[in-house]
Amino acid sequence: MDRQFLKGGPAAAFVTIASLALASCTTASGGSSMESASASAADTSGSEDSPYASTYERYPGVPTALVGAVIYDGAGGRIDNGTVLFADGEVVAIGGADLAIPDGYTQIDGTGRYVTPGIIDIHSHLGNYPTPSVSAHADGNEATSPTTPEVWAEHSVWPQDPGFSRAMANGGITSLQILPGSANLMGGRTVTLKNVPSRTVQGMKFPGAPYSMKMACGENPKRVYGGRGRMPSTRMGNFAVNRETWLQAQEYAAEDNPDRDLAMETLAGVLAGEILIQNHCYRADEMALVMDMADEFGYQVAAFHHAVESYKIADLLRENEVCSAVWADWYGFKMEAYDAIPENAAMIHNAGACVVIHSDDENGIQRLNQEAAKAQADGRRMGIEIADADVISWITLNAARAMGIDDMTGSLEAGKMADVVLWNGDPLSIYSRPEMVWIDGALMYDMNIPMMRPVSDFELGQPGEGDVK
Amino acid sequence: MKRLFALSAAALSLISTPIAAQDIAITGATVATGDGSDPIENATVVVQGGRVVAAGTGVAVPAGMATLDGSGTWVTPGIFASITNLGLVDVGAVSDSNDIRAGNSPYHAALDVSPAINPAAQDFGYSRAGGVTRASVTPGASSNIFAGQGAIVDLGDDFDAVTERRAFQVVEMGERGASLAGGSRTSVYAMVRNSLSEARHYASEGSWDEHGMLTRLDAEALVPVVTGQQKLYVTVHRAADILSVLALRDEFPRLDLVLIGATEGWMVASQIAASGVPVITGALTDLPASFEQLAATQSNVGRMVDAGVTVAIGGYESSGDHPRNLPQQAGNMVALNRVPGASGLSWGEAFAAITSVPAGIGGLEGRAGVLAAGAHGDLVIWDGDPLEVSSAPLRVFIDGVEQPLDNHQTRLRERYRTLDESQLPPAYRR
């Protein structure tokens, strides 16, 4: 139960249906001019400075031409009756019906279908809170100290979580960020994954993706530690512990050849701009304070997650170039979610700040497209018109920017990774589902081919193995 | 004399004061009656005296009745939300505001949500604005497998919400039940059998067995369960558990069961169908969240319906689920029909699964969740296909009374429509 609370989100206070023990917990077009968060990010693909390096290599693919579909390029562009070409793992070109298809390309008829970049979830706990949701699997919160910058989410990720395959087949998810939970002020390093089935987490790690560090404001840290009679027990205590820790980090960062200290290495990486900050934070006033704290110590928040009150300070978020990673319409599960409104995303976007739609949920990650569509429609009803192509960026390029991987994926641009979803209809409609999903140009899911539906080790020999799910 | 209105969002925003039941006719709309049939284009709905008179094509508007031009809109019965906590909670994690569970109470089966329901809770208003007009409200189990008695409510903007108190009893009989019963399913069945036996004794002897395990109130509360006068909602997921629950009727033949959850119901769908026991389930459970849900699939609903089971979509599956998102769950069932190997629902079946079917399980068959003569005049006028995520209600009527759709969320939206504070802070905008 603490699980969802600490994941950050909510918990439907109730439950029954899914055994629910669940309590609740829980960027770019938007006219934003935000720079990529990845500007100075460190490469994580394997040097002695990068332990546990990615071993992921793309799977074989064939040069492919998707022809005749509506294309949302993820960067705000739309092409009707378009063509997408990809080969050798990369997007080669996109264009209209007149785009020449080179010899040797397998053509797929996209008539009546839609193409988007692979969907990206900036906030997931697949792998570190996997299903089955038994306590032996609850590896997302190192809730033994309010600051644990030394822990790395990748050391908790179970690659056999059946949720990864659901996210791909039902949600078109090709990349996702796994975060530590929100029990702690500084929860540890996140890990960005390619959504490919793998025996090891290293086999999923997104090559070249920067690390982020998870931070959390508000109710969770003060409840968890205050409940144990230790600091922090208040929001002011939250800030005091954070500031003291940043002071230590500044001292560490100023040393020449300091002794190794895993916690300080992470924090120094943040101060150096190599590690991004993903900050769980609900309330507008707290976000404003966090942005001042970032100024005080010289770092940048990439995104506020669960930012249900961003609509109240969308101007500040725009000026500070901080994305808001939000649900479409979750509300009310905890006090700091009381002022959540379904128009939040549209109002943030309308102010010129960066919107990302996130899940924080193993079910919600299967429907980020629907959540984005709801948020768009709630905006329209209050007079904010946002083009479909821009809405798609909320779950593709904006997420990639806030994760620092937008130079590699998140949009269909020549030279980027061929992370592509072919939908059997408009992805902003309830009636559409992913039909085919490619990751780095390799076909990883095909709705029409049962064997192209990955099954985790856990589900082998169980009732419903290989079912459509 | 006819009044003609255009149904626009602008017009909608002007309507904030509910008035008494209106006689109303809507013409030219796409009408879904909720009975499982496909939507009807260019149809008419007539409500008189708070009750539906007729819906469909070829329906005459009585002379002199106010008529709305429904062109471009959809008109449906209101959504019936099953297994909700509406009115029991303001903020889930603020325990003082949360009456779902009574973990320290000496009572269990006797607990009754009816007097605790607060129709002024914001979630009532949010759900109403989402087109939910009636619901079942359910207590949560926390110290005993019997959670207590739920109620049926309407979501009208008044304090007269409960339309049937003590409508059903709730019992947990899966993994969670095992935990509550002492650590094993074996104890769940011992506890259920003993409790029902004590209730039967109470019923037959007219007196409480003071040597029994139940309090007087709890034994009394289970009398209508064991005599079949009150439904017993049983939360259960695993296929084998479902069969064990159905077999309870060998010993207690009058039990009027409803299965809640039934994640693996598709594996024993023919047995459930043969039992005649209906199911209320979340539509999108597709992960092995526990060892009693290993066979979870979104095709559960469709496969059970295909086997002849009566299935309503309801309940909360994940933290973000709210009653107003029921159409999204139903719409996904329609989408599933286009996935090879999956079993979904037709549009009409899907819409019925959140209207007439749950209303029927809730004891309102033919009287709610359906646009049929004599049914409650619960109408929702939508700006598009109600199962589509981009659609929302324009106007909502309950028993012919137009309902306000404003609430805390809509007020916040309007306050922060602009961030300009050059003259005064936002606190002065209302």
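How many helices and strands does chain A have? Chain A has eleven helices and 19 strands. The model shown here is predicted, and its scores are ipTM 0.94 and pTM 0.94. Of the 469 residues of chain A, 63% count as buried. The legends below take you through some close-up views.

**Figure 1. Helix α5 of chain A and its surroundings.** Here we look at α5(A), which spans residues 262-271. Its buried residues are A:Met264, A:Thr266, A:Leu267, A:Ala268, A:Gly269 and A:Val270. What do these buried residues pack against? Their partners in chain A are β10 (186-189), β12 (212-216), α4 (235-254) and β13 (276-280). Follow the chain just past α5(A) and you reach A:Gly273, whose phi is positive, at about 80°.

**Figure 2. Two cis peptide bonds in chain A.** Both views centre on a proline. The bond joining A:Thr131 and A:Pro132 is cis, with omega about -5°. A:Pro132 sits in the loop between β8 (119-124) and α2 (163-171) of chain A. In the second view, the peptide bond from A:Met231 to A:Pro232 is cis, and its omega is near 0°. A:Pro232 belongs to the loop between α3 (219-226) and α4 of chain A.

**Figure 3. Positive phi at A:Asn81 and A:Asp360.** Neither A:Asn81 nor A:Asp360 is a glycine, yet each has a positive phi. For A:Asn81 the angle is about 50°, and the residue is found in strand β4 (residues 78-87) of chain A. For A:Asp360 phi is about 55°, and this residue lies in the loop between β16 (355-357) and α9 (368-381) of chain A. Which of the words buried, partly exposed or exposed fits A:Asn81? A:Asn81 counts as partly exposed because it has 14 C-beta neighbours inside 10 Å. A:Asp360, with 31 other C-beta atoms within 10 Å, is buried.

**Figure 4. Strand β8 of chain B between its pairing partners.** This view follows β8(B), residues 146-154. Why is β8(B) described as largely enclosed by the rest of the structure? The reason is that nine of its nine residues are buried. Strand β7 (residues 132-137) of chain B pairs with β8(B) in the antiparallel sense, over four bridges. In that pairing, B:Val137 has B:Ala151 of β8(B) as its bridge partner. β8(B) also runs antiparallel to strand β9 (residues 162-172) of chain B, and six bridges join the two. There, B:Ile152 is matched with B:Glu164 of β9(B).

**Figure 5. The largest nonpolar core.** This core holds 273 residues, of which A:Val356, B:Leu259 and B:Ala353 touch the most other members. The biggest contribution to this core, seven residues, comes from strand β3 (residues 64-72) of chain A. From chain B, domain 1 (9-77 + 383-406) and domain 2 (84-363) each supply at least three residues to this core. As background, nonpolar side chains in soluble globular proteins tend to be buried together.

**Figure 6. Where chain B touches chain A.** In this view, 65 residues of chain B are in contact with 67 residues of chain A. On the chain B side, α3 (175-181), β11 (257-261), α10 (326-336) and α13 (408-415) each supply at least two residues. α10(B) gives the most to this side, with five residues. By class, the side of chain B that touches chain A has 28 nonpolar, 26 polar and eleven charged residues.

**Figure 7. The two domains of chain B.** Chain B is divided into domain 1 (9-77 + 383-406) and domain 2 (84-363). Their centres, taken over C-alpha atoms, are separated by 30 Å. Where the domains meet, 21 residues of domain 1 of chain B are in contact with 22 residues of domain 2 of chain B. Strand β15 (residues 393-398) of chain B provides the largest share of the domain 1 side, three residues. The domain 1 side divides into 13 nonpolar, four polar and four charged residues.

**Figure 8. Confidence along chain B.** Chain B has a mean pLDDT of 94, and 95% of its residues reach 70 or more. Over residues 1-18 of chain B, though, the pLDDT is below 50. Beyond near neighbours in sequence, this stretch has 29 contacts in the model. Where pLDDT is low, the predicted coordinates should not be read in detail.

Notes:
Residues numbered from 1 in each chain as written. Chains lettered and ligands numbered in written order. Buried ≥ 20, exposed ≤ 12 C-beta atoms within 10 Å, placed from the backbone. Contact = placed C-beta atoms within 7 Å. Core = buried A, V, L, I, M, F, W, Y, C linked by C-beta atoms within 7 Å. Domains from an automatic or database assignment. pLDDT = per-residue confidence, 0-100. Pairing = 2+ DSSP bridges. Nonpolar A, V, L, I, M, F, W, Y, C, P; charged D, E, K, R; others polar.
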